Amino acid sequence: MAQAKKIVLYLLIVFVLYTIITSPKRAADLVQIGFEGISSAAQGMGQFMTQLIS
């Protein structure tokens, strides 16, 4: 099972590097979308916690 995890991890790394090399603009867009999603989730959690305290 550990060997399968290593293989999947290596394939994921190769895929990410391939995507960055072949289409850097698209890769940057995907990273931006990811960070916006994380930011939205953090804001939502902050609002939720604020509502719990209030």
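User: Let's start with Leu9. Is it buried, partly exposed or exposed?
Analyst: Leu9 comes out as partly exposed, because its relative accessibility is 46%. Keep in mind that this is a predicted model.

User: OK, and which helix is Leu9 in?
Analyst: Leu9 belongs to helix α1.

User: How far apart are Leu9 and Phe35 in space?
Analyst: Going from C-alpha to C-alpha, there are 21 Å between Leu9 and Phe35. Along the sequence, 26 residues separate the two.

User: Back to the surface around Leu9. What kind of patch does Leu9 help form?
Analyst: A nonpolar one, on the surface. Leu9 shares that patch with Tyr10, Leu12, Ile13, Phe15, Val16, Leu17, Ile20 and Ile21. Together they have about 920 Å² of accessible area.

User: Pick another member, say Ile13. Why does Ile13 count as partly exposed?
Analyst: Because the relative accessible area of Ile13 is 41%, and partly exposed covers the range between 20% and 50%. Ile13 also sits in helix α1.

User: Zooming out a bit, how many helices and strands are there in the protein chain?
Analyst: Two helices and zero strands. Helix α1 takes in residues 2-22, and helix α2 runs over residues 24-53.

User: What's the radius of gyration of the chain, and what would a compact globule have?
Analyst: The protein chain has 17 Å, whereas a compact globule of 54 residues would be near 10 Å. As for its extent, the C-alpha trace spans about 50 × 35 × 5 Å along the principal axes.

User: And what share of the residues is buried?
Analyst: Just 4% of the 54 residues in the protein chain. The chain exposes about 5,000 Å², with 73% of that supplied by carbon and sulfur atoms.

User: Give me Thr19, then. Buried or exposed?
Analyst: Thr19 is buried, because its relative accessibility is 18% and the cut-off for buried is under 20%. Thr19 lies in helix α1.

User: Which residues does Thr19 touch, leaving out those up to four places away in sequence?
Analyst: Pro24 and Ala27. Ala27 falls within the residues 24-53 of helix α2, and so does Pro24.

User: Last one, over in helix α2. What about Val31, how accessible is that?
Analyst: Val31 has 46% relative accessibility, so this residue counts as partly exposed. Its place is in helix α2.

User: And how far is Val31 from Ala42?
Analyst: Their C-alpha atoms are separated by 17 Å, with the two residues 11 apart along the chain.

Note on methods:
Residues numbered from 1 in each chain as written. Predicted model: local features only at pLDDT ≥ 70, side-chain atom pairs only at ≥ 80, totals over all residues. Heavy atoms only, no water. Helix = DSSP H or I, 4+ residues; strand = E, 2+ residues; numbered from the N terminus. Buried < 20%, exposed > 50% of the residue type's maximum accessible area, 1.4 Å probe, protein only. Contact = heavy atoms within 4.5 Å. Patch = residues over 30% accessible without salt bridge, like charges linked within 9 Å, V, L, I, M, F, W, Y side chains within 5 Å. Areas by Shrake-Rupley, 256 points an atom, 1.4 Å probe, with all protein chains shown as cover. Salt bridge = Lys/Arg side-chain N within 4 Å of Asp/Glu carboxyl O. Rg over C-alpha atoms; globule rule 2.2 N^0.38 Å.
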